[in-house]
Amino acid sequence: MLHSLCLLWLLAMAFSLVPRAQPLTPQDLEEDEEDETVSTPLLALRCDYDRCRHLQVPCHELQRAGPVACLCPGLSSPAQRPDPPRLGEVRIVAEEGRAEVHWCAPYSPVHYYWLLLWEGSGEPQKGAPLNATVRRAELKGLMPGGTYVICVVAVNEAGESEVPGAGEDGQERVTTFPSFGPCGQIIVPPRPATLVHAAVGVGTALALLSCAVLFWHFHLRERWGCPRHRPAAGTV
């Protein structure tokens with residue numbers, strides 16, 4: 001009898017130590033959902049980076065701006081010279097003798113840019129350094145009717161990007177340009193006012209020439225007694 005009582009007492013103690021299941025409340029379910037939402041990792045998206053956009057913020061700065069690091073395009077090593085930029089649209093304003101040059105950044109680390117301008121086969125004119133965010137610059141002092149070669153150069157700590165045909169004369173340099181390279185040829189058309197003045201000058205010269213011919217025909221011929229046409233012999 002004593003043995004049975006001890007056994008029942010041990011069973012009662014064992015069941016008292018087992019935790020009882022408690023019913024879940026709506027509040028407990030909401031907390032579980034919140035925990036799952038927080039623990040779900042956010043997917044990384046591509047950064048809002050356009051290598052042809054003027055004043056474009058560097059991609060590594062865009063990565064630090066958001067809650068999750070976005071994805072940047074791959075770049076070459078900083079220890080290598082940058083790849084050449086890609087020359088884009090060149091808008092010429094002939095009336096003001098200027099041109100607006102646009103380009104796209106290479107897939108390389110760039111510290112700054114500059115422009116090279118050739119007129120003929122002489123030495124190029126080198127522009128001032130431009131910030132790495134710049135994708136557009138203006139050329140001034142272009143002559144109407146002139147032909148120029150423009151190149152965009154990217155620079156970093158390892159050196160400068162390659163300029164096609166930099167050691168050749170201007171004519172050969174034009175024929176070696178790649179389709180989507182850093183260089184291009186621009187031809188500045190004559191100013192419209194220049195064309196009008198030329199047309200007026202040609203018209204005036206033709207009018208004076210016509211007046212001179214008529215003057216000679218009607219005046220000088222009578223004054224100097226130029227021979228008139230005489231009838232042929234034997235005619236009545």
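The following paragraphs describe the nonpolar cores, the disulfides and the two largest pockets of a predicted model. Because the model is predicted, local features were accepted only at pLDDT of at least 70 and side-chain atom pairs only at pLDDT 80 or more, whereas totals for chains, interfaces and linings use all residues. Residues are numbered from 1 along each chain as its sequence is written, and side-chain values rest on heavy atoms, with hydrogens and water left out.

The largest nonpolar core (a set of buried Ala, Val, Leu, Ile, Met, Phe, Trp, Tyr and Cys residues joined through side-chain atoms within 4.5 Å) has 20 residues, and those with the most contacts inside it are Trp103, Tyr113, Leu115, Leu142 and Ile150. Here buried denotes under 20% relative accessible area, exposed over 50% and partly exposed in between, with a 1.4 Å probe and protein chains only. At least two residues of this core are supplied by each of β2 (98-104), β3 (112-119), β6 (136-139) and β7 (147-156), where strands (E, at least two residues) and helices (H or I, at least four) are DSSP runs numbered from the N terminus. Strand β7 gives the most to this core, with four residues. A second, separate core comprises ten residues, among them Leu116, Cys151, Val155 and Phe177.

A search of the whole structure finds four disulfides, each defined as a pair of cysteine sulfur atoms within 2.5 Å. With the bonded cysteines of the protein chain numbered in sequence order, the pairing is 1-4, 2-6, 3-5, 7-8. In the disulfide of Cys47 and Cys70, the sulfur atoms lie 1.8 Å apart, and the torsion about the S-S bond is about 95°, so the link is right-handed. This pair links distant parts of the chain, 23 residues apart, with Cys47 in the loop between α2 (26-39) and α3 (59-65) and Cys70 in the loop between α3 and β1 (86-93). Cys47 counts as buried at 11% relative accessibility, and Cys70 is likewise buried, at 13%.

The sulfur atoms of Cys59 and Cys72 are 2.0 Å apart in their disulfide, which is left-handed because its S-S torsion is about -100°. Since Cys59 lies in helix α3 and Cys72 in the loop between α3 and β1, the pair ties together parts that are 13 residues apart in sequence. Cys59 is buried, with a relative accessible area of 9%, whereas Cys72 is partly exposed at 28%. Cys151 and Cys183, with sulfur atoms 1.9 Å apart, form a right-handed link with 115° about the S-S bond. Cys151 in strand β7 is thereby tied to Cys183 in strand β9 (residues 183-187), 32 residues apart in sequence; Cys151 is buried at 0% relative accessibility, and Cys183 is buried at 8%.

Pockets were identified on a 1 Å grid over the protein atoms alone, as open sets of points with protein on both sides within 12 Å along at least five of seven lines, a 1.4 Å probe being used and lining residues having an atom within 4 Å of a point. The largest pocket is lined by 18 residues, of which Tyr49, Pro58, Cys59, His60 and Leu75 lie nearest its centre. The largest share of this lining, three residues, comes from α3. The second largest pocket is lined by 16 residues, with Leu117, Gln125, Gly127, Leu139 and Lys140 nearest its centre. Strands β3, β4 (125-126) and β6 each supply at least two residues of its lining, and the largest share, four residues, comes from β3.
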